[in-house]
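This report looks at how a sheet is assembled and where nonpolar side chains gather. Please keep the sequence and the model side by side while reading.

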Amino acid sequence: MGASRAALRAMREDVQSLDIRDVTANWVNAAVLEAQIEDRVKALADLAHTPLFFGRLDYLHPVGNPVGNPVGGGERNGEDSGQEDDAAGGDSFYIGRRHVHDAQGDPMVIDWRAPVSQPFYQASRNKPLDVALRRRFGYTAGDLTAYEDEHLSDPAEAATSSKLLQAEIERPRVGPMRDIVATIQPEQDEIVRSGLGGTVCVQGGPGTGKTAVGLHRVAYLLYAHRERLARTGTLVIGPNDSFLHYIEQVLPTLGELEVRQATVGDLVATGTEVRGTDPAEAAVIKGDARMAEVLRRAVRSHVILPTEPVVVVRGSRRWRVPAYELTEIVEQLLARDMRYGAAHEALPQRIAHAVLVRMEEAGEAPDDRVQNAVARNPAVKAAVKAIWPQVDPAKLVLRLLSEPEFLAAHADGVLSADEQKTILWTKPARSVRSAKWSPADAVLIDEAGDLIARTHSLGHVVLDEAQDLSPMQYRAVGRRCSTGSATVLGDLAQGTTPWATASWAEALHHLGKGDAVIEELTAGFRVPREVIAYASRLLPAISPGLAPVASVRESPGSLEVREVREVQGVQGVREVREVQGVQEEREAGAPESSDAAGPEAPDAGPEALDAAVVAACRESLTREGSIGLIAADARIPALAEALTAAGLGYLAPGEETNEAARLTLVPASLAKGLEYDYVVLDEPAAVVDGEPDERTGLRRLYVALTRAVSGLVVVHAAALPEQLTAAD
């Protein structure tokens, strides 16, 4: 490890020592080169607690070209564990997060994205891919502490599961999300390395690694298509700022620094201040794809067919274009279905061309300069203003939501009268600036803006938690990758918005990527088997037909369900602990009499529930790793007060955990995409009741139940949702 770190340091120093004074023609070139050098230095940063390599491959035969350059065979790092060389005449490569070479340019560590590294993830005993030995390295705080070998081409060696792989998956999570580059599974690797040309949609339940797969796919595409994506750009879209903050360190750890992150709200809110909210019924209608047709009609309604001719005066001559010919020009532009703004720019040139035809018929020889001059003629400009006036997207949407007659004229046959009434503002705003735009309104303005001027398209977009988007939001994202590709990530069972998508085929249609390949990840690596089995009891109610996640991690005792109740004036906690699928019950804090545990015991008061939740948090803090206290949004203030009174400090979602602050108080509405070593879930019934309908509430509960990596404690005073108790 020391030699490879020294080589990386030398690579960084080589870049820092570059003298560009004699190779730049001007200050612009110098500024560009300086920025590129600075980015390169950042990409070569050595993270102290992040090992440079995590594995080694010994091939049976020479590979020859490990990194795409004619460098010959692989080089040995020479410091893995002091063990003997296992390669039998073939090349050996150390696999790491980035490429490291020595002073002669020979590779010491091969980038995990290089073709020669792929067998580290794909090779098996049934398909060894010419690999004699695969070695995994184990680290503690950045120091090499263990290694594990698999002789894939040796039929005498029995197949065993990797303890280092399991340990890496279960390593406590403190701080932001980390990469999974050392633990990528074969089915995940196939998705990561799929080509740039096509869109991939990944359906994955909790803990299947879909978010990590999407981020590693971005890193792979930047490696394989760097020049193209450097020109066109990449974007990661997440559900909220807390989620984006949680994942923001993954790509820099892999050496990729130039990927932008945003929410859908960030994309569409340019120039629009979102200050309001919609009732669920209005938001659903505004997010319906039918609104695109309403907007299209409203935009085109500004075009007025001419009734007067255009007369252009040049010198002593007058050139007349009659109204019927102007009408033909306008109808031709309308038939081409151009962007409204593009047609507005084309119309004066079309009129000028008609004038030039008359000039040529009269014996003149006008050129392009004359045509441009005619297009700028006051008469032509006045005609264009009257026929094809400019349209402001925000003002257009303001009229639709404020004027019943204007909306009715363009929603006729598209929206019913009741639907139109639902989205109309009860108190119309006087201006764009004073309007209290909602998130759904901002998406409508973005759609209108694209009808007027085409939205810039990126090379690749990753859309995470995609199941929660409305059809209009899908269209907004699709515009950002209309000429590129996308990676769509989500879980239909975790759709917690009233407009959540019912199927990926429908979602991809609205995204404009109907030909996308849909992949499904069903193996779970994060959530313990007992926890995911408990949460999966909700699947028949929230997403019938969706296969439950099959967790590979069996962790007895990882699930506890604690009922808080008052018995003869004494607070008691009835605890149900899942041990290998068998429930064990015990009482804590209740009298010894059997009558104390009778079924007629009333629900505990809020103080008793708060105390039980605080006790569960205090107990979880005795363990290593991060702790998330997840509760219904309405319960957050009371729990915050209880934690403070108990002397337990806590963080808010988006604040980075560390060894001194490991407890995060998480509203259920912000829990999606986050993960904690231990989770305390407060009052499941309140989580369900906090949503507008039962299915959405149960989906929100499903999300909250599946945030734990090592253990889940459910604390409740009210009755659990019947879907959770049906299997008891």
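Which residue in β12 is the bridge partner of Ile 237? The partner is Leu 463.

## Basis of the description

The model is predicted, with local features requiring pLDDT of at least 70 and side-chain atom pairs counted only at pLDDT 80 or more, while totals for chains, interfaces and linings use all residues. Residues are numbered from 1 along each chain as its sequence is written, and side-chain values rest on heavy atoms, with hydrogens and water left out.

## The sheet and its helix

Six strands (DSSP E runs of at least two residues, numbered from the N terminus) form an open sheet in the order β9-β8-β12-β13-β7-β14, with parallel pairing, where two strands pair if DSSP finds at least two bridges between them. The edges are β9 (260–263) and β14 (517–521), each of which pairs on one side only. Neighbouring strands are turned by 15° against each other on average, direction ignored, with axes fitted to C-alpha atoms, for helices over the stretch in contact, and angles running from 0 to 180 degrees between N-to-C directions.

Within this sheet, 4 bridges join β8 (residues 234–238) to β12 (residues 460–463), and these two strands run parallel. Helix α6 (residues 210–224) packs on the sheet, touching β7 (200–204), β8, β12, β13 (485–490) and β14, and its direction makes about 165° with that of β13; contact means heavy atoms within 4.5 Å, and helices are DSSP H or I runs of at least four residues.

## Nonpolar cores

The largest nonpolar core has 82 residues, and Leu 347, Val 374 and Trp 437 have the most contacts inside it. Such a core is a set of buried (under 20% relative accessible area, 1.4 Å probe, protein chains only) Ala, Val, Leu, Ile, Met, Phe, Trp, Tyr and Cys residues joined through side-chain atoms within 4.5 Å. Helix α14 (residues 340–361) supplies the largest share of this core, 10 residues.

Leaving aside residues up to four places away in sequence, Val 374 touches Val 312, Arg 314, Ala 352, Val 355, Leu 356, Met 359 and Val 380. A second, separate core of 80 residues includes Val 131, Val 236, Leu 521 and Ala 668.

Note on methods
Buried < 20%, exposed > 50% of the residue type's maximum accessible area, 1.4 Å probe, protein only.
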